[in-house]
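Student: Could you take one part of this model and go through it closely, with attention to how it is placed against its neighbours?

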Amino acid sequence: MTSTGATAPDDEEQTMTATGKTADYEGKVAFVTGAASGIGRATALAFARAGASVTAADVSEPGVRETARMIEELGGRALAVRCDVTSSHDVTAALAQTVETFGRLDVAFNNAGVEQPVTPTADITEDDWDRTVAINLRGVFLCMKHEIPLLLQHGGGAIVNTSSGAGVVGIAGQAAYTAAKHGVVGLTRSAALDYARSGVRINAVCPGIVATEMMDRFTGGTSEGRDRVIAQEPIGRMGTADEIAAAVLWLCSDAAAFVIGHAMVIDGGQTVGPA
C-alpha cells in the first residue's frame with residue numbers, strides 16, 4: 001500500500017511531549033485494555049519504553065502474552081491478563097492482579113473495542129447492537145468504575161478512553177458503533193467533571209482510520225478496501241497505532257495537566273471535511 005502526502009513520524013518521536021522532552025513514566029503503573037494488538041499493543045509498548053510497568057489486558061490470552069513478551073524484551077515489566085471488559089468480575093480481577101504485582105495504579109488506557117458490520121440501522125440485529133454497545137461503552141464504564149478508586153488511593157492519576165472519529169460525527173451503516181463511541185465521549189466528559197478536583201484526569205482519544213487488524217477486518221483486507229477508506233483521508237494515508245499511542249502518553253503525562261474531559265480527534269483530517 002502506498003501513501004501520499006505526509007508521512008508518519010518514526011518510533012523515536014512517539015513518546016515526545018509538547019515540551020520536547022520524552023514522557024517519563026519511570027515508577028508508574030499503566031493498565032491497558034485491548035492490548036493484544038493494534039492501538040492497545042502499541043500503547044502498552046510505548047508506556048513500557050517510557051519506563052512504566054504495564055498490565056496488558058485483553059480477551060485474547062495469546063495476544064496479551066505476546067505483548068508482555070515484547071515489553072520484557074525491551075527490558076520492561078509486564079503482566080498479561082485475560083480480561084473481558086463487559087464483565088465486572090474480570091475487570092476487578094485484572095486490576096487486583098495489577099496492584100498485587102506492581103503495588104499501585106497510576107494510568108489507564110481503556111481501549112478494548114469491536115467493530116460493527118456495515119448495516120443500515122433498521123437491519124442491525126439486537127444481538128449485534130448489544131455486543132457493540134457492551135464492549136465499546138459498558139466496558140469503558142466498568143473499567144473506570146473500578147480504576148478510579150485505585151487512582152484516588154494514591155492522590156490521583158490519568159485515564160484515557162478510546163472513542164473514535166465515529167464519536168464526533170455520524171457514519172452511515174454504523175449506528176450501533178457510532179452510538180457507543182458518542183457515548184464514550186459523553187461518559188468521559190461527565191466522569192472528568194466528577195473527579196477533576198480529586199486529581200484524576202479523564203480524557204478520550206478519537207482515532208480515525210488507523211492501520212490495525214480491526215481495520216483489516218473492516219476493509220476485508222483487500223487493496224481495494226484499503227484504498228476506499230484511504231480516499232476518505234485528507235492526509236492521503238491511514239494513521240499508525242504508534243501515532244495514537246503518542247497522543248495517549250501525552251494525555252496521561254504532566255504536560256497535559258490542564259487537559260480535562262477532552263476528546264482528542266486524531267484522524268488525518270477525516271472529520272474536518274471532504275478529502
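Tutor: In this predicted model, helix α4 and helix α5 cross in a right-handed sense. Their axes lie 8 Å apart and make an angle of about 15°, and since angles under 35 degrees count as roughly parallel, α4 and α5 are therefore roughly parallel to each other. On the α4 side the contact is made by Trp 129, Thr 132, Val 133, Asn 136, Leu 137, Val 140, Phe 141, Met 144, Ile 148 and Leu 152, while α5, which covers residues 175-195, contributes Ala 175, Ala 176, Tyr 177, Ala 179, Ala 180, Lys 181, Gly 183, Val 184, Leu 187, Ala 191 and Tyr 195. By character, the residues of this contact divide into 17 nonpolar, three polar and one charged.

The helix α4 itself comprises residues 126-152, 27 residues in all. From its first C-alpha to its last it reaches 37 Å, which is close to the 39 Å expected at 1.5 Å a residue. Along its course α4 bends by about 40° at Ala 134.

Helix α4 also packs with helix α3, residues 88-102, and here the two axes come within 9 Å and cross at roughly 30°. That angle makes α3 roughly parallel to α4, and the crossing of α3 and α4 is right-handed. The residues that make the contact are Ser 88, Val 91, Thr 92, Leu 95 and Val 99 from α3, with Leu 142, Cys 143, His 146, Glu 147 and Leu 150 from α4. Of the residues in the contact of α3 with α4, six are nonpolar, three are polar and one is charged.

For comparison, a pair that does not involve this helix is formed by helix α1 (residues 38-49) and helix α8 (residues 241-252), which pack at an angle of about 55° with their axes 8 Å apart. The helices α1 and α8 are therefore oblique to each other, and α1 passes α8 in a right-handed crossing. The contact brings together Gly 38, Ile 39, Ala 42, Thr 43, Ala 46 and Phe 47 of α1 with Ala 241, Asp 242, Ile 244, Ala 245, Val 248, Leu 249 and Cys 252 of α8. Ten of the residues in the contact of α1 with α8 are nonpolar, two are polar and one is charged.

Key. Residues are numbered from 1 along each chain as its sequence is written. This is a predicted model: local features need pLDDT of at least 70, side-chain atom pairs count only at pLDDT 80 or more; totals for chains, interfaces and linings use all residues. Side-chain values use heavy atoms; hydrogens and water are left out. Helices (H or I, at least four residues) and strands (E, at least two) are DSSP runs, numbered from the N terminus. The expected span of a helix is 1.5 Å times one less than its number of residues. The bend at a residue is the angle between axes fitted to the seven residues ending there and the seven starting there. Axes are lines fitted to C-alpha atoms, for helices over the stretch in contact, and angles run from 0 to 180 degrees between N-to-C directions. Angles under 35 degrees count as roughly parallel, over 145 as roughly antiparallel, 65 to 115 as roughly perpendicular and the rest as oblique. A crossing is left-handed if the near helix is turned anticlockwise from the far one by less than a right angle, and right-handed if clockwise. Contact means heavy atoms within 4.5 Å. Ala, Val, Leu, Ile, Met, Phe, Trp, Tyr, Cys and Pro count as nonpolar, Asp, Glu, Lys and Arg as charged, and the others, Gly among them, as polar.
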